[in-house]
Amino acid sequence: MALHILQNKSVNDDLFNKAAAGTPLSKFKIPDHEADPNTMYRLIKDELMLDGNSRQNLATFCQTYTEDQVHRLMDDCLDKNMIDKDEYPQTAEIESRCVNIIASLWNANPKDAIGTSTTGSSEACMLGGMAMKWRWRAAMKAKGKSCDKPNLICGPVQVCWHKFARYWDVELREIPMEGTRYVSNAQEVIKRCDENTIGVVQTLGITFTGQFEPVKEVADALDKLQKEKGWDIPIHVDGASGGFLAPFCAPDLVWDFRIPRVRSISTSGHKFALAPLGCGWVVWGNKKDLPEDLIFKVNYLGGDMPTFAINFSRPGGQIVCQYYNLLRLGREGYFKVQQGCYDVGKFLAKGLDRFGIFEFVYNSDPKKGIPAVTWKLKDGVKVPFTLYQLSDVLRERGWLVPAYTLPAHCENVAVQRVLIRHGCSYDLMELLLEDMDRAIKRLSAQSTETKTSPRGSFNHGR
Ligand SMILES: *Cc1c(COP(=O)(O)O)cnc(C)c1O
């Protein structure tokens with residue numbers, strides 16, 4: 001059979017013998033002529049092999065496992081522009097259903113809430129930050145006070161808040177880490193508040209360690225501050241990861257719109273909400289918290305459709321697939337997926353503990369953070385390698401396990417972190433542990449040849 005196929009196949013049909021494949025792909029100039037689509041497809045697809053395997057990318061927070069139905073819906077929606085609410089009214093309807101569902105998941109009344117899809121948490125945080133700045137400015141103007149020096153208080157935030165501060169001219173008062181405190185706390189927040197504070201950001205799932213910040217404790221302290229000073233300082237929760245974890249795996253943790261001071265919450269659809277890349281959400285618990293003059297009206301079936309976004313055109317498929325996952329999984333399904341991740345995280349932590357050289361900064365506890373394990377070398381432990389070198393050796397087998405130093409005041413602490421996502425099985429983690437064992441043995445054996453200088457810090461902000 002195989003021989004038969006071989007004999008009938010003309011050598012000239014072979015993709016790699018075609019003229020277009022006879023020269024390297026153009027890299028600087030648009031080619032003068034057209035090319036055969038199959039040849040180009042194959043050559044580009046082959047080039048992408050070098051990206052490695054996203055499932056082994058244990059650095060990313062973004063989901064890398066998708067059901068076939070999601071692939072199909074993405075294909076069905078390839079031509080749908082989210083901004084064309086008039087042309088694609090049903091996609092617009094699906095977006096607004098998602099906002100309703102997410103608002104109620106976060107314990108707001110969908111009738112009072114308002115929100116939008118975005119391209120991710122970064123845009124969602126920008127919008128949340130802008131609403132805070134606009135509200136603060138209106139209040140200051142009403143009091144006849146200066147609006148020149150707005151500030152925003154936060155713990156160790158993801159880079160999007162640094163962007164927000166720079167792009168919108170807001171002073172960022174970032175609470176540094178201290179000792180083994182890797183998140184903000186009430187005392188540190190209150191210390192930095194004044195009448196120019198536009199808001200406080202609390203992160204549910206700090207990028208560097210995976211931990212949740214103490215939203216309720218900070219909100220209570222801000223209530224007290226308001227009584228004393230009259231400053232009504234809102235909280236925005238950056239729930240990029242945690243916004244789709246806590247509702248299922250830590251339902252008793254009070255962090256969302258159950259706290260009146262929490263005015264807005266954002267999340268990445270493409271992280272633990274399990275939508276394809278390019279999807280985020282931001283919700284205000286009450287319409288009055290989103291200033292009218294930030295909203296633009298676009299014509300929608302002869303009516304006015306309000307929009308608040310930075311981009312104009314945007315793909316609709318991610319949003320449709322978000323809706324698919326909300327319906328397909330429900331509370332039960334999301335709980336199973338996320339709790340499964342936490343459990344696998346615990347399993348990984350147990351395995352890592354057996355090496356006897358690591359100390360956990362955080363290890364996959366649903367009440368305290370996201371499904372992740374973050375560790376450092378135990379104080380005083382003597383090993384002839386750094387976490388950076390361990391990371392490099394693991395990469396030889398395709399595993400991306402970032403090593404990086406913590407931010408301000410803990411710059412001397414190098415950590416390594418694994419994100420456990422949907423599709424991260426016990427078996428995969430067992431294979432990772434075996435590879436780690438081999439890597440540690442090899443690095444220890446080679447110790448005389450090893451260099452000790454760490455390379456630059458890994459881009460862990462994703
Ligand atoms: C990932 C992340 C962001 C940025 O989200 P994108 O969806 O990648 O734009 C913001 N904040 C936190 C806490 C994150 O984990």
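In this predicted model, helix H2 takes up residues 37-48, twelve in total, and spans 16 Å from its first C-alpha to its last, close to the 16 Å expected at 1.5 Å a residue. Three residues of H2 count as buried: Thr 39, Leu 43 and Asp 46. Looking down the axis of H2, these buried residues sit within an arc of 65°, so they line one face of the helix. That fits the usual helix geometry: with 3.6 residues a turn, residues three or four places apart point the same way. Pro 37, Asn 38 and Tyr 41 lie on the other side of H2, and these are exposed.

Now for the sheet. Seven strands make up an open sheet with mixed pairing, and the strand order reads S1-S7-S6-S5-S4-S2-S3. At the edges are strand S1 (114-118) and strand S3 (171-174); each has a single partner strand, so one side of each is left without a neighbour in the sheet. On average, and ignoring direction, neighbouring strands of this sheet are turned by 20° against each other.

Within the sheet, strand S5 (residues 235-238) and strand S6 (residues 262-268) run parallel and are joined by four bridges. One residue pair can be picked out here: Asp 238 has Ser 266 in S6 as its bridge partner.

A helix also packs on this sheet, namely H6 (residues 159-167), which touches strand S2 (151-154), S3, strand S4 (197-203) and S5. The direction of H6 makes about 150° with that of S3, the edge strand already mentioned.

Definitions and conventions. Residues numbered from 1 in each chain as written. Predicted model: local features only at pLDDT ≥ 70, side-chain atom pairs only at ≥ 80, totals over all residues. Heavy atoms only, no water. Helix = DSSP H or I, 4+ residues; strand = E, 2+ residues; numbered from the N terminus. Expected span 1.5 Å × (residues − 1). Buried < 20%, exposed > 50% of the residue type's maximum accessible area, 1.4 Å probe, protein only. Arc of directions from axis to C-beta. Pairing = 2+ DSSP bridges. Axes fitted to C-alpha atoms, helices over the stretch in contact; angles between N-to-C directions. Contact = heavy atoms within 4.5 Å.
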